[in-house]
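Take a moment to look over the whole chain before settling on any one part of it. The paragraphs below begin at the ligand, move out to the chain as a whole, and end with a single helix.

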Amino acid sequence: MAIATQDFDAVVIGAGFSGLHMLKSLRDKLGLKVRVYEAGETVGGTWYWNRYPGARCDSDAYIYCFTWDKQLLQEWEWSERYPEQPEILRYLEHVAKRHDLKRDIQFNTSMTGAEFDERTNLWTVHTHKGEDVTARYLIAAVGTLSTTNMPQLKGLENFRGKWYHTSRFPHTGVDFTNKRVGVVGTGATAVQAIPEIAQQAKQLVVFQRTANYCVPARNGKVDPEIVKARKADYDGVAKRIRESFFGQEHYFIPKSALEVTREERDREFDRMWDAGGFAFWLANYQDMFFSKEANDVCADYIKRKIRKTVKDPVIAEKLIPKGYAYGTKRQPLDTNYYETFNKDNVLLVDAKTDGAIEEITEKGIRAGGKEYPLDIIVFATGFDAMTGPLKALNLKGRNGRTLDREWSDGPHTYLGVSVAGFPNLFTITGPQSPSVLSNMPVSIEQHVEWITDCIENMRKAGKTTIEATPAAQDQWVAHVNEIVSATLMPSANSWYMSANIAGKPRAFLPYLGPEGVGGYRKKCDEVAAKGYEGFELA
Ligand code: NA7
C-alpha cells in the first residue's frame, strides 16, 4: 500500500553526475519541483558503487568534471591526472553540498517501476519503499554501466571462499594479504585492479576470455604550470571538448596510417604512447577505425610493446589480442598491467589456450580441466551496458508498452534521449547517443542542457507532452546502424556490440556519428530549432 503520494514536476532516477546536474538545472534554472531517487546511500552513482582496488577515471580529471560551475573549476584541485574513486566521490559530494542538492534526493530508495497515464499525461513512479508519486517528466539518469553482469557460472553457490563483483565491492575494502585470489575478466576494470591486487595477494590467478589491447595511462601529478594554463582557459577548454569528436582534447591525425613511412608512423605512435591515456585510441590516424590495413599497423605496434614488456614469450602470446580490430573494444588504460604478468605470484589462465572456466568448485575455479584453489574470487565481468539499466526501470509507456518488448532486437530510440511510445521520458546518455564513446561528463551536460531547454520551451508553449514519432525513431536507428557498419566496430564481440552477454541481441549500443560529440550536439540543437522535429508535442 502506498505510504505517500505527492506530485512533482519531474522525477529523476539516479544521483550520479547526470542526476545531480539534472536536478540542479530543473530546480534552480526552471524552478521546478523535482524529486531524485537514488538507490545508494549517498550521491555518486558509478563513483559510489565502483570501489574496487585501482578504480579511477580514465579521462583526464580537468575535463572529467562539471563545466557549469565555473568558480569550482577554478577552486577544485585534482591530486593527479586520473584521480581515484574516493577523490571523484568527494568531488561529487562537494558539488551536492555546495548547491544544496541533497534536500531533493531520497537516498536508499530504488525505483521499482513507472507507468504513463494516458488520461492525466503523468508518470506514476513506484519505489521499493511503497511510495507512488506522480510527475510530468521522468528522467532516467541511471548511468550506462550500472547493471552488473554476473556470469551464471555453475557451482558458485558451493564456493567456500568469498567472492565479489567489482561494481559492488564492500565499502570496507577487501584485504588480499596472504590470499589466493582469482580475477575473472580482463576489461578496463580488471586492467586497473589486477596490478593492485597482485601487490597484496599471495597468489593471483587471472582468468582471461579475450585478450585486450592496453595502452599506458601515465598517471601522475600534473605539472602546476599546465594546471594554471588550463584554469586560465577553461572557457576555451569547455568549448573545445563540446565541439570535439570524443569530448576530449584529442584529434585524429588527418592522414591515413598507410600513407606515411613506417619510421614516421612509429615516431607518431611513440609520441602517443608516451603521452599516455586515450591519445593512442582517439588521436591516431584517421582511418584507424575504418580500414583493416590501417588498423593492423596500429595493432601491431601494441603487440610489439606487449612482446617487449612480458618476459615469458608464452605468456606474452596469450596476452596478444587476436581476431578483432584494435580500438573496437573499450580501451583499457594500464599502469603496470603487462609488467604484472612478470611477477612470480601471478598466473594467467587463458580460455583459448588453457581452457575456459567450466565451473566454480568448493575450493576455487575449474578451467580447462584443472582446478585452481582460491580464497577470494573477484568478478570483473562488466555490465549489461546501456540498455540494462533502462530495462531494469520496468517502465510502461502508452498501451502498457515495455522496453523489454520494444527493444527485443536491440535499442530503438530517437537521438538516444527519447523513446517512441514513452512520452515525457528522457534518457540521459541513453543508447544510440554518443555516451560511452565520449568523455561522459561532456555528453551528460549536453543532454541535461537539451532536456532543460526542451522542458522550458514546452512550458512556454503550453505543451504537456513530447514524444518521439515512430518514423523519426526508425530513421535514427537506421542512421546509427548505417554509420557503424562502415567502421570496424562490429568486428569485435564487445559490450558496445551487446556481445558480452549470452542471449543479448547483437546491436551497436552507442552512436558513433560522423562528427562525434560535436556533430551530435549540432544535430540535437537543429532538432530543437526546428520546433522539435521528429517529436510530437501536445
Ligand atoms: P568489460 O569491459 O565488459 O570487461 C569484462 C571482462 O569480463 C571481459 O574481459 C570479459 O571477457 C570478461 N567476462 C565477461 N563475462 C565472462 C564470463 N562469463 N566468463 C569469463 N569472462 C567473462 O567490463 P569492465 O568492468 O572491465 O569495463 C566496463 C567499463 O567500466 C569500461 O569500459 C569503463 O567505461 C569502465 P570478453 O572480453 O567479453 O570476452
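The shell around the ligand takes at least three residues from each of two domains, namely domain 1 (8-147 + 384-537) and domain 2 (184-379). In this predicted model, the ligand is surrounded by 19 residues, and the closest of them are Pro151, Gly185, Gly187, Thr189 and Gly382. Sorted by character, the residues of this shell comprise 9 nonpolar, 8 polar and 2 charged. Which helix gives the most to the shell? That is helix α5 (residues 188-200), which supplies 3 residues.

Stepping back to the chain as a whole, one can count 17 helices and 20 strands. The chain has a radius of gyration of 23 Å, close to the 24 Å that the globule rule gives for 538 residues, and it is therefore as compact as a globular protein of that length. Along its principal axes, the C-alpha trace spans about 70 × 55 × 45 Å, and 50% of the 538 residues are buried. Of the contacts between residues at least 6 apart in sequence, 73% join residues that are at least 24 apart.

Helix α17 (residues 516-529) offers a closer view, since its 14 residues reach 20 Å from the first C-alpha to the last, close to the 20 Å expected at 1.5 Å a residue. Within α17, the residues Gly516, Val517, Gly518, Tyr520, Arg521 and Cys524 are buried, and what covers them includes α7 (234-243) and α15 (440-460). After α17 comes glycine 531, whose phi is positive, near 70 degrees.

Notes
Residues numbered from 1 in each chain as written. Predicted model: local features only at pLDDT ≥ 70, side-chain atom pairs only at ≥ 80, totals over all residues. Helix = DSSP H or I, 4+ residues; strand = E, 2+ residues; numbered from the N terminus. Expected span 1.5 Å × (residues − 1). Buried ≥ 20, exposed ≤ 12 C-beta atoms within 10 Å, placed from the backbone. Contact = placed C-beta atoms within 7 Å. Near = placed C-beta within 6 Å. Nonpolar A, V, L, I, M, F, W, Y, C, P; charged D, E, K, R; others polar. Domains from an automatic or database assignment. Rg over C-alpha atoms; globule rule 2.2 N^0.38 Å.
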